[in-house]
Amino acid sequence: MAADDDRRSDGQSSSEAEAEAEVNQLLALDKNLSAPFQHYAIQKLYLFQCDLSSLPSSLPDVLPNLSILFCMKNNFTEMPAVIGQCPRLQMVSFKSNKLASIHPEALQPQMRWLILTDNQLESLPSTIGRCTDLQKFMLSGNLLTSLPDEIENCKSLELIRLASNRLEEPPIKLLSLPNLSWVALSDNPFLSNLPASSRKLAEKAAAELQILDEPNLDDPNVGEVLGTGASGITHKKYHQNEHVAVKTYVGQITSDGNPEEERKISMMASSLGCDSLIKVLGQTAGSGALVMEYLENYSALADPPSMQSCSRDVYPEDATIDPDDAVDIVSGLLDALAKLHSAGICHGDFYGHNILIPPPGSTDGSGNKVKLSDMGAAFMYNKRKKY
């Protein structure tokens, strides 16, 4: 039967109905079986948009080897205690639910990767201090006003996203964490009091931005997909007989924070006159997508982190860089970072997969050998403040 015809009267396909039935059967196991059957082979469980608000107490018994659990876009109001009873569960996502609280017992030492983006959390329980193996913590788009002191026990933490919360003071206690390398803090109250120089730079960049009223630039069906990320999709398109890269932003809140902050800082970075930063050409009239220079034959220095590497980029085993190229790359990156920080901008996501380089031995027209991309986690800060 054709997929278009495979629909029920309620609009749900038979395959969707079967998947929902399987989920419901799994979630009812603790009610139907006195001694639940154990599924040793299942290590990953994806429960996306299943209208769930709870998990069965038998979950650790039914899936004793569960290591990855994704429960995005459901109706959970609390991260349940049963999460902490799964001995091998290391990666958990409750992104885009209705979480107002985390059960204290849900947080246990085995947790390595916790995604709670786009919820309604006002605080974290003190038991977060148990998560000594936690490496990646995604909390953008919540209502947090502070972090508990026990966060200082998370000595393995390498990346934390706290953008678009309600932090009145900078989370200084994070600075005590020895492995922390990546932080996103944009769109928080403590960053709202920026110096006049930063406000003027933002106003200048916005005033100089061209509005490009070309339907093909706004059409999501036109152009080769160059990349997808937390905040949107980038296509290769034509503008004035030249290739350009057009980034269309998706949704209100991403794992990095508010896409509007990324758009604003991308424009500011482009105005700094640094060859190692991506040049923004304009903004589309329809969706407000950013139109940027297209980098012919450039590629990322590394692949993004995998589920295994968690917060660390993945490099090819046979990757090599000519020493002279390496010097030029590092010099270009230092120039980019110096220009950003001179304007009170922290990149927040300084990764190999956000560093773009041309083929070995080649440069762009300006002699540049590197481009620092992706301002998704970037934030503006007041250089006069003690933090």
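# Charges, rings and sheets

Colleague: What makes E261 and K264 a salt bridge?

Modeller: In this predicted model, the closest N and O atoms of E261 and K264 are 3.4 Å apart. The cut-off for a lysine nitrogen and a glutamate carboxyl oxygen is 4 Å, so the pair qualifies.

Colleague: Where do E261 and K264 lie?

Modeller: Both belong to helix α6, where three residues, or about one turn of the helix, separate them.

Colleague: Is E261 buried or exposed, and how do you know?

Modeller: E261 has 14% relative accessibility. Buried means under 20%, so E261 counts as buried.

Colleague: And why is K264 called partly exposed?

Modeller: Its relative accessible area is 27%. That value falls between the 20% limit for buried and the 50% limit for exposed, so K264 goes into the middle class.

Colleague: Which residues are joined into one network by salt bridges that share partners?

Modeller: R161, D256 and D349. By the same kind of rule, the count comes to 13 salt bridges.

Colleague: How do you know that D349 and R161 form one of these salt bridges?

Modeller: Their closest N and O atoms are 2.9 Å apart. The limit is 4 Å, so D349 and R161 pass. This pair links distant parts of the chain: D349 sits in the loop between β17 and β18, R161 in strand β8 (residues 159–161), and they are 188 residues apart.

Colleague: What makes D349 and R161 count as buried?

Modeller: D349 has a relative accessible area of 5%, and R161 has 2% relative accessibility. The limit for buried is under 20%, so both residues meet it.

Colleague: Back in helix α6, what makes R263 and E260 a salt bridge?

Modeller: A closest N and O distance of 2.7 Å, set against the 4 Å limit. Being three residues apart in helix α6, R263 and E260 are separated by about one helical turn.

Colleague: Which burial classes do R263 and E260 fall into, and why?

Modeller: R263, at 12% relative accessibility, is under 20% and so counts as buried. E260, at 40%, lies between 20% and 50% and is therefore partly exposed.

Colleague: On to the rings. How many aromatic pairs are there?

Modeller: The count comes to three aromatic pairs. Among them is the pair of F76 and F94, with 5.0 Å centre to centre and 85° between the planes.

Colleague: Why is the pair of F76 and F94 called edge-to-face?

Modeller: The centres are within 6.5 Å, so the rings pair, and 85° is over 60 degrees, so the label is edge-to-face. F76 lies in the loop between β2 and β3 (78–79) and F94 in the loop between β4 (91–93) and β5 (101–102), so the pair ties together parts that are 18 residues apart in sequence. F76 and F94 are both buried.

Colleague: And what makes W182 and Y351 stacked?

Modeller: The planes of W182 and Y351 are 5° apart, with 4.2 Å centre to centre. Planes under 30 degrees apart count as stacked, so that is the label here. W182 is in strand β9 and Y351 in the loop between β17 (345–346) and β18 (355–357), 169 residues apart.

Colleague: How do you know that W182 and Y351 are buried?

Modeller: W182 has 8% relative accessibility and Y351 a relative accessible area of 5%. Buried means under 20%, so both residues qualify.

Colleague: Now the sheets. In what order do the strands of the seven-stranded open sheet come?

Modeller: The order is β1-β2-β4-β6-β7-β8-β9, and the pairing is parallel.

Colleague: What makes β1 and β9 the edge strands?

Modeller: β1 (44–46) and β9 (182–184) each pair on one side only.

Colleague: How do you know that β1 and β2 pair?

Modeller: Three bridges join β1 to β2 (residues 68–70). Pairing needs at least two bridges, so β1 and β2 count as paired. Within this pair, K44 stands opposite I68.

Colleague: What is the strand order of the six-stranded open sheet?

Modeller: That sheet runs β10-β14-β15-β13-β12-β11, with mixed pairing. At its edges stand β10 (211–212) and β11 (224–228), each with a single partner strand, so one side of each is left without a neighbour in the sheet.

Colleague: In what sense do β13 and β15 pair?

Modeller: Strands β13 (residues 242–249) and β15 (residues 290–293) are antiparallel, over four bridges. A245 stands opposite M292 in β15. Helix α6 (residues 259–270) packs on this sheet, touching β13, β14 (280–284) and β15, and its direction makes about 145° with that of β14.

Notes: Residues are numbered from 1 along each chain as its sequence is written. This is a predicted model: local features need pLDDT of at least 70, side-chain atom pairs count only at pLDDT 80 or more; totals for chains, interfaces and linings use all residues. Side-chain values use heavy atoms; hydrogens and water are left out. Rings of Phe, Tyr and Trp (its six-membered ring) pair if their centres lie within 6.5 Å; planes under 30 degrees apart count as stacked, over 60 as edge-to-face and the rest as tilted. Buried means under 20% relative accessible area, exposed over 50%, partly exposed in between (1.4 Å probe, protein chains only). Contact means heavy atoms within 4.5 Å. Axes are lines fitted to C-alpha atoms, for helices over the stretch in contact, and angles run from 0 to 180 degrees between N-to-C directions. A salt bridge is a side-chain nitrogen of Lys or Arg within 4 Å of a carboxyl oxygen of Asp or Glu.
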